[in-house]
Amino acid sequence: MDDFFSELGKKISETADLVGKKTNEILDTEKLRSQIRSLERANERDYIDIGKSIYEKFQENEVADESCIEFCEAIEKRQEKIEDLKKEIDRIKGE
């Protein structure tokens, strides 16, 4: 009977160790994933800032790259459409 409880104690201890290791692995993995998400968000903000910078240069006629010009012209067209839609909203509210 002592062997049974001794073996049971060993199994419980081994299982607890395994669970502890898995828990640490999960926590470490989540910390790393969180760092990755944070770095990706920082990159996204920088991408946006780069785009804004290029668009500002486009408005001052300082952009020569054709692909950038196409993006900037598309932004201008959408901005004009936004203004038209805002005017339509104002007109509807005024009626």
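Helices, which are DSSP runs of at least four residues, are numbered from the N terminus. In this predicted model, the chain has two helices and zero strands. Its radius of gyration is 30 Å, well over the 12 Å that the globule rule gives for 95 residues, so the chain is more spread out than a compact globule.

**Overall form and surface**

- Along the principal axes, the C-alpha atoms of the chain fill a box of roughly 90 × 45 × 15 Å.
- Of the 95 residues in the chain, 6% count as buried.
- The chain has an accessible surface of about 8700 Å², and carbon and sulfur atoms account for 55% of that surface.

**Nonpolar patch**

- F4, F5, L8 and I12 make a nonpolar surface patch of about 420 Å².
- One of these residues, L8, is placed in helix α1, which covers residues 2-59.
- The relative accessible area of L8 is 37%, so L8 is partly exposed; this category lies between the buried limit of under 20% and the exposed limit of over 50%.

**Charge**

- The chain carries 18 positive and 26 negative charges, and the mean positions of the two sets are 4 Å apart.
- A patch of negative charge on the surface gathers D65, E66, E70, E73, E76, E80, E83 and D84.
- Among the members of this patch, E73 lies in helix α2, which covers residues 66-94.
- E73 counts as partly exposed because its relative accessibility is 37%.

**Salt bridges**

- Side chains of opposite charge can pair when their charged atoms come close.
- The count of salt bridges comes to four, and three of them are described below, each with its N to O distance.
- K10 and E7 form a salt bridge in which the closest N and O atoms are 3.9 Å apart. These two residues are three residues apart in helix α1, so about one helical turn separates them. K10 is partly exposed at a relative accessible area of 46%, and E7 is partly exposed at 41%.
- E30 and R33 meet through their side chains in a salt bridge of 3.0 Å, N to O. Both residues belong to helix α1 and stand three residues apart, about one turn of the helix. E30 is partly exposed at 37%, as is R33 at 45%.
- E88 and R91 are joined by a salt bridge between their side chains, at 2.4 Å from N to O. Both lie in helix α2, three residues apart, which is about one turn of the helix. E88 counts as partly exposed at 34% relative accessibility, and R91 counts as partly exposed at 42%.

Conventions
Residues numbered from 1 in each chain as written. Predicted model: local features only at pLDDT ≥ 70, side-chain atom pairs only at ≥ 80, totals over all residues. Heavy atoms only, no water. Patch = residues over 30% accessible without salt bridge, like charges linked within 9 Å, V, L, I, M, F, W, Y side chains within 5 Å. Areas by Shrake-Rupley, 256 points an atom, 1.4 Å probe, with all protein chains shown as cover. Lys, Arg positive; Asp, Glu negative; His and termini not counted. Charge placed at Lys NZ, Arg CZ, Asp CG, Glu CD. Buried < 20%, exposed > 50% of the residue type's maximum accessible area, 1.4 Å probe, protein only. Rg over C-alpha atoms; globule rule 2.2 N^0.38 Å.
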